[in-house]
Structure formats: structure tokens, C-alpha cells
Amino acid sequence: MELKDAARAVREKAYAPYSNFKVGAALRSEDGTIHVGCNVENVAYPEGTCAEAGAIAAMIASGASRIVEAYVVADSPDPVPPCGGCRQKLSEFAARDVPVTLATTDGAEFKTTVGDLLPGAFDAGHMDRT
Ligand code: THU
């Protein structure tokens, strides 16, 4: 299955009764496997989780740990931009040049990279622990 189809399919399963804004995310890991996630909201609003976080959790649980491609889709007027926290989460598991496609359910797409989504990212190289 293509990343796009996987993201669109999992978006339908999102639990978003408070925002009514369903998001689907699909990641391809280094072994070629696809991992999906959707947003899961909570009546205690800050406890909700984003689609990207769910997909990352699924990837890690599968035993994979490097993202080589990502796709995020929502029913938004413009291709949905990941929140700041998700940009940091993606950057933990992906190189700067990893392609990310942001999309609408209508089919509009914006292609970017993990590095462009989070310029100047804090990473382990910024810590002097040698
Ligand atoms: N959301 C995501 O799942 N991913 C994004 O990239 C943007 C926002 C979710 C969080 C919340 O459930 C809903 O969209 C509205 O913010």
C-alpha cells in the first residue's frame, strides 16, 4: 500500500470528538514497512495525542527506528502543517533530508522535508557528553 493510502485510511479511524479534526499519518521506516497513526483526543484536552506521535509509537513498537518518508493528511483548507511538538518528534527519528508530504483530503499536497519543518533543530550533537 502507498503511504498516501495508508494515511488516508487511518485518518478515518481518528478519535477527535472535541476538535472534529481528524488527522492521519503514515511513516515508512528503513526496512520498507509502513506505520500509521491517527489523533486520539481526550476530554482532558492536553492528554490528546497527535497522529504523528501515534505513527512513531507504532514504528518503535514494531522494532524499526528510522523514518525514511512521511505523509500527513487532514480535512483542512491547506495541507496540514505538523505542530511544533510533532516536528521535534519526527526529527528524533529522521534525517534532515527525509521527505514529508503534507496533504488535504481533497488531494492537495505540499512536499517538504524534516529539516525544513524544524530548522535549527536541537539534537544530541548540541550536548557535550563525551
Ligand atoms: N493534530 C494532529 O494529529 N497532527 C497535526 O499535525 C496537527 C494537529 C491533531 C491534534 C488534535 O487532535 C487536532 O488535530 C486539532 O488540533
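This note goes through the ligand site and the two largest pockets of a predicted model.

1. On the location of the ligand, the model places the ligand in the largest pocket, a space of about 280 Å³. That pocket is lined by 18 residues, and those closest to its centre are Val23, Asn39, Glu41, Thr49 and Cys50.

2. On the shell around the ligand, the residues found there are Ser19, Phe21, Val23, Asn39, Glu41, Cys50, Ala51, Glu52, Pro81, Pro82 and Cys83. Sorted by class, this shell consists of seven nonpolar residues, two polar residues and two charged residues.

3. On the polar contacts, three side chains deserve a look in the viewer. The side chain of Glu41 has an N or O atom 2.5 Å from an oxygen atom of the ligand, and for Glu52 a polar side-chain atom lies 2.6 Å from a ligand oxygen. In the case of Asn39, an N or O atom of the side chain is 2.9 Å from an oxygen atom of the ligand. With the ligand taken alone, its exposed area comes to 370 Å², and the protein buries 76% of that area.

4. On the overlap between the ligand shell and the pocket centre, Asn39 and Glu41 appear among the residues closest to the centre of the largest pocket, and each of these two side chains also has an N or O atom paired with a ligand oxygen, at 2.9 Å for Asn39 and at 2.5 Å for Glu41. Val23 and Cys50 likewise belong to the residues around the ligand and to those closest to the pocket centre.

5. On the character of the largest pocket, its lining divides into 11 nonpolar, five polar and two charged residues. The ligand shell, for its part, includes two charged residues, and Glu41 and Glu52 are both listed in that shell.

6. On the second largest pocket, its volume is about 240 Å³, and its lining is made up of 14 residues, with Ser91, Ala94, Ala121, Phe122 and Asp123 lying nearest the centre. Two elements, helix H3 (84–92) and helix H4 (114–117), each give two or more residues to this lining, and the largest share, three residues, is supplied by H3.

7. On the composition of the second largest pocket, the lining residues divide into eight nonpolar, three polar and three charged, and among those nearest its centre are Phe122 and Asp123.

Terms used. Residues numbered from 1 in each chain as written. Predicted model: local features only at pLDDT ≥ 70, side-chain atom pairs only at ≥ 80, totals over all residues. Heavy atoms only, no water. Near = heavy atom within 4 Å. Polar contact = N/O pair within 3.5 Å; in protein donor to acceptor, adjacent residues only side chain to side chain. Areas by Shrake-Rupley, 256 points an atom, 1.4 Å probe, with all protein chains shown as cover. 1 Å grid on protein atoms, 1.4 Å probe; cavity = no way out; pocket = protein on both sides within 12 Å on 5 of 7 lines; lining within 4 Å. Sits in = over half its atoms within 2 Å of the grid points. Nonpolar A, V, L, I, M, F, W, Y, C, P; charged D, E, K, R; others polar. Points joined across faces, edges and corners; volume = space filled by probe spheres on them. Helix = DSSP H or I, 4+ residues; strand = E, 2+ residues; numbered from the N terminus.
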